[in-house]
Amino acid sequence: MAATKTNKIIFWTTTIIIFIMEGIIPAFTSQTELAKEGIRHLGYPEYFGNALVVFKVLGALTLIIPQVPKRIKEWAYAGFAFDFIFASISHFAIDGMDFQSFFPLIFLGILIASYYSFHKLNTAK
């Protein structure tokens with residue numbers, strides 16, 4: 001029973017971090033000049049940034065809402081994994097080895113912890 005409680009704490013903590021960083025913050029900051037410049041800096045067109053924000057918000061909601069079917073959550077986890085990996089690759093290609101290049105990988109680790117605890121909770125039921 002203690003393992004289940006620990007898994008719930010890990011799941012909700014990591015999932016809320018992803019929800020805030022990938023759902024709430026992009027929703028409120030995506031139209032700022034700083035965000036638009038970030039997309040331009042990486043060589044992407046502005047419409048890509050807009051589409052990315054829509055999918056980030058939808059994915060974040062998918063992970064945080066318990067009633068969403070597990071199969072849909074799997075797609076959201078995969079989407080975020082690709083997002084973090086390709087964000088890191090983009091920064092490495094443009095900026096070289098700096099903090100911005102590794103920053104998405106930190107969130108990939110948080111996402112993996114969320115995913116792992118999500119599966120632990122669902123196999124415990």
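Here are legends for a few views of this predicted model.

**View 1. The whole chain is built from helices, five of them, with zero strands.** Reading along the sequence gives the pattern α-α-α-α-α. The C-alpha trace spans about 50 × 30 × 20 Å along its principal axes. Of the 125 residues, 32% count as buried. If you look at contacts with a separation of 6 or more, 67% come from residues 24 or more positions apart.

**View 2. F11 and F118 make a tilted ring pair.** A search of the whole structure turns up eleven aromatic pairs, and this is one of them. The ring centres sit 6.1 Å apart with the planes at 35°, and since tilted covers what falls between stacked (under 30 degrees) and edge-to-face (over 60), the pair gets that label. F11 belongs to helix α1 (residues 2-29) and F118 to helix α5 (residues 99-124), so the pair links parts of the chain 107 residues apart. Both F11 and F118 are buried.

**View 3. Y77 and Y115 meet edge-to-face.** Here the ring centres are 5.1 Å apart and the planes stand at 75°. Y77 comes from helix α4 (residues 70-95) and Y115 from helix α5, 38 residues apart. Y77 is buried, at 4% relative accessible area, whereas Y115 is partly exposed, at 33%.

**View 4. Ring pairs join F11, W12, Y77, Y115 and F118 into a cluster.** Both pairs from the previous views belong here: F11 with F118, and Y77 with Y115.

**View 5. The surface and the charges round things off.** The accessible surface comes to about 7,900 Å², and 74% of that belongs to carbon and sulfur atoms. The chain has 10 positive and 8 negative charges, with mean positions 20 Å apart.

Conventions
Residues are numbered from 1 along each chain as its sequence is written. This is a predicted model: local features need pLDDT of at least 70, side-chain atom pairs count only at pLDDT 80 or more; totals for chains, interfaces and linings use all residues. Side-chain values use heavy atoms; hydrogens and water are left out. Rings of Phe, Tyr and Trp (its six-membered ring) pair if their centres lie within 6.5 Å; planes under 30 degrees apart count as stacked, over 60 as edge-to-face and the rest as tilted. Helices (H or I, at least four residues) and strands (E, at least two) are DSSP runs, numbered from the N terminus. Buried means under 20% relative accessible area, exposed over 50%, partly exposed in between (1.4 Å probe, protein chains only). Contact means heavy atoms within 4.5 Å. Accessible areas come from the Shrake-Rupley method with a 1.4 Å probe; for residues, only the protein chains shown count as cover. Lys and Arg count as positive and Asp and Glu as negative; His and the chain ends are not counted. The place of a charge is taken as NZ of Lys, CZ of Arg, CG of Asp or CD of Glu.
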